[in-house]
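Hi everyone, thanks for coming. I'd like to walk you through one structure today, so have a look at it while I talk.

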Amino acid sequence: MHYLSRKNKIKDRLKDIYYSHKLRRISNEYIFIHVPKCGGTSLRKNLNINLNAYIYDWHEIKLKHLNPNQKAIVCIRNPIERFESAFYSKIHMKKNLNEKEKGFYEKFRDINVFIDALMNDNKNVVNYLKYLNAIPIITRYSSLQYWFGSLSHLEKNKHK
């Protein structure tokens with residue numbers, strides 16, 4: 001599920017260039033890739049205390065940004081539990097919801113309603129998500145491909 005507008009694809013490409021260049025200048029051997037809703041905040045705190053790992057720019061660093069001498073530290077989670085956690089995390093921050101997010105949670109009051117809509121009216125739900133483009137945790141960040149690329153890219157870089 002990758003719902004990026006052309007503008008956001010360009011923005012993501014510019015971020016890729018920026019972070020690839022930035023990580024070339026960083027001497028840390030370990031780089032933390034923070035996949036949302038996988039316990040990364042707790043892990044990040046421990047890495048900061050116990051290991052010389054680069055832990056900044058979380059939610060931005062991807063595997064392809066690392067230079068050949070760097071290794072990734074990643075925490076992943078069951079994808080269904082992760083998606084459910086992502087779905088509900090925004091609801092718990094009600095005061096921080098923008099208008100599109102409020103509309104989304106009025107339309108899909110719980111994850112079962114959302115899943116039913118995806119199964120029964122996929123095309124319209126996908127179009128609605130493209131229109132929103134405001135809840136990246138449910139759209140853009142929902143795919144592990146965002147951080148790790150294709151399976152062949154992951155296989156090629158498994159030494160990291």
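**A walk through the chain**

Okay, let's start with one odd little residue. K37 is partly exposed, with a relative accessible area of 29%. You'll find K37 in the loop between strand 1 and helix 2, which covers residues 40-50. What sort of phi does K37 have? A positive one, about 65°, although K37 is not a glycine. For background, most residues other than glycine have a negative phi. Keep in mind, by the way, that this is a predicted model.

Now let's step back to the whole chain. How many helices and strands does the protein chain have? There are eight helices and three strands. If you read along the sequence, the pattern goes α-β-α-β-β-α-α-α-α-α-α. The chain has 160 residues, and 42% of them count as buried. Take the contacts with a separation of 6 or more: 72% of those are between residues 24 or more positions apart. As for the outside, the chain exposes about 9900 Å², and carbon and sulfur atoms supply 53% of that.

Next up is helix 1, residues 6-24. Here's a quick check you can do yourselves. At 1.5 Å a residue, the 19 residues of helix 1 should span 27 Å, and the C-alpha atoms at its ends are indeed 27 Å apart, so the two agree.

Which residues of helix 1 are buried? They are N8, D12, D16, Y19, S20, K22 and L23. Looking down the axis of helix 1, you'd see those buried residues fall within an arc of 160°, so they line one face of the helix. And what do they pack against? Strand 1 (30-33), strand 2 (53-54) and helix 7 (145-148). Turn helix 1 around, and the face away from its buried side carries the exposed residues R6, K7, L14 and R24.

Let me zoom in on one of the buried ones, D16, in helix 1. Its relative accessible area is 6%, and buried means under 20%, so D16 counts as buried. Leaving out residues up to four places away in sequence, D16 touches K62, K64 and H65.

I17 sits in helix 1 too. Is I17 buried or partly exposed? It's partly exposed, with a relative accessible area of 45%. I17 also belongs to a nonpolar patch on the surface, formed with I10 and L14. Together, the residues of that patch have about 280 Å² of accessible area.

Now jump along to helix 6, residues 122-132. Its buried residues are V125, V126, Y128, L129 and L132. Seen down the axis of helix 6, they fall within an arc of 160°, so they line one face of the helix. Those buried residues pack against helix 4 (99-107) and helix 5 (111-120). On the face turned away from the buried side, helix 6 carries the exposed residues K123 and Y131.

One last stop, back in helix 4, where K102 has its place. K102 counts as partly exposed, at 33% relative accessibility. How far apart are K102 and I91 in sequence and in space? They're 11 residues apart in sequence and 8.8 Å apart in space, going from C-alpha to C-alpha.

That's my tour. Any questions?

Note on methods:
Residues numbered from 1 in each chain as written. Predicted model: local features only at pLDDT ≥ 70, side-chain atom pairs only at ≥ 80, totals over all residues. Heavy atoms only, no water. Buried < 20%, exposed > 50% of the residue type's maximum accessible area, 1.4 Å probe, protein only. Helix = DSSP H or I, 4+ residues; strand = E, 2+ residues; numbered from the N terminus. Arc of directions from axis to C-beta. Contact = heavy atoms within 4.5 Å. Patch = residues over 30% accessible without salt bridge, like charges linked within 9 Å, V, L, I, M, F, W, Y side chains within 5 Å. Areas by Shrake-Rupley, 256 points an atom, 1.4 Å probe, with all protein chains shown as cover. Salt bridge = Lys/Arg side-chain N within 4 Å of Asp/Glu carboxyl O. Expected span 1.5 Å × (residues − 1).
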